[in-house]
Amino acid sequence: MENLDGLGLTWRRHEVFCPAGQPRRGAYHSLYVDDLDGDGDLDIFSCEMEAVGGELPPRYYIWENMDGKGGAWQEHVILDANLGGHAALVADFTGNGRLDIIAKPWKAKETNALGGRMFVLFLENVSR
């Protein structure tokens, strides 16, 4: 949502698309907006939960802001490992100047990649 008047009284909706014809996705949890690809505009991170699943195993996503104005987005699946996320945090955990992601499930499902065990997931940003 774009705040058009600067006061929060007038808004414009921008669609961050999910490709048509895709299976129903699980509930997204965690939201982080920042320049994730280093090009100076705002991108979006979120992940699907295990506990409120879709038709496929949960995945982690970045939506890249292609036009710098929020009018065109490119979806990137950054993890497809049947491990859901809840309350994910994005920060430079390694101290190398690049944003990393750490997450855990709200409630691990028996069908996750770890046989239902709880976990902490660390995704290190190794891009150059």
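**View 1. Strands β5 and β6 pair in the antiparallel sense.** In this predicted model, the pairing of β5 with β6 runs over 6 bridges, and one of the places where the two strands face each other is marked by Trp63, which stands opposite Glu75 in β6. Both strands belong to an open sheet of 4 strands, whose order is β3-β4-β5-β6 and whose pairing is antiparallel. The edges of this sheet are taken by β3, residues 28-34, and β6, residues 73-79; each has a single partner strand, so one side of each is left without a neighbour in the sheet. When direction is ignored, neighbouring strands of the sheet are turned against each other by 20 degrees on average.

**View 2. Ser30 lies in the edge strand β3.** With a relative accessible area of 14%, Ser30 is buried, because a residue counts as buried when this value is under 20%. The side chain of Ser30 reaches the backbone nitrogen of Ala88 at 2.6 Å. If residues up to four places away in sequence are not counted, Ser30 touches Phe45, Ser46 and Cys47, and also His86, Ala87 and Ala88.

**View 3. Met49 is placed in the loop between β4 and β5.** Although Met49 is a loop residue, its relative accessibility is 9%, and Met49 therefore counts as buried. Leaving aside the neighbours within four places in sequence, the contacts of Met49 are with Ala27, His29, Pro58, Gly84, Gly85, His86 and Trp106. Met49 and the Ser30 of the previous view are separated by 19 residues in sequence, while their C-alpha atoms are 9.2 Å apart in space. His86 is in contact with Met49 and is also touched by Ser30.

**View 4. Strands β7, β8 and β9 form an open sheet with antiparallel pairing.** The 3 strands follow the order β7-β8-β9, and the edge strands, β7 (86-91) and β9 (121-123), each pair on one side only. From one strand to the next, the twist averages 15 degrees. Strand β8, residues 100-104, pairs with β7 in the antiparallel sense over 4 bridges, and here His86 stands opposite Lys104 in β8.

**View 5. The largest nonpolar core has 14 residues.** The residues with the most contacts inside this core are Phe45, Tyr60, Ala88, Ile101, Leu121 and Leu123. Two or more residues are given to the core by each of β4 (43-48), β5 (60-65), β7, β8 and β9. Leu123, one of the residues with the most contacts inside the core, is in contact with Tyr60, Ile78, Leu79, Asp100 and Ile101 once its neighbours within four places in sequence are left aside. Two further residues of this group, Phe45 and Ala88, are among those touched by Ser30 in the second view.

**View 6. Asn125 is found in the segment after β9.** The relative accessibility of Asn125 is 17%, so this residue counts as buried. A polar atom of the side chain of Asn125 lies 3.1 Å from the backbone oxygen of Leu99. Apart from neighbours within four places in sequence, Asn125 is in contact with Asn96, Arg98, Leu99 and Asp100. Asp100 is thus a contact of Asn125 and, as the previous view describes, a contact of Leu123 as well.

Definitions and conventions: Residues are numbered from 1 along each chain as its sequence is written. This is a predicted model: local features need pLDDT of at least 70, side-chain atom pairs count only at pLDDT 80 or more; totals for chains, interfaces and linings use all residues. Side-chain values use heavy atoms; hydrogens and water are left out. Two strands pair if DSSP finds at least two bridges between them. Axes are lines fitted to C-alpha atoms, for helices over the stretch in contact, and angles run from 0 to 180 degrees between N-to-C directions. Buried means under 20% relative accessible area, exposed over 50%, partly exposed in between (1.4 Å probe, protein chains only). A polar contact is a pair of N or O atoms within 3.5 Å; within protein, one must be able to donate a hydrogen and the other to accept it, and residues adjacent in sequence count only if both atoms are side-chain atoms. Contact means heavy atoms within 4.5 Å. A nonpolar core is a set of buried Ala, Val, Leu, Ile, Met, Phe, Trp, Tyr and Cys residues joined through side-chain atoms within 4.5 Å.
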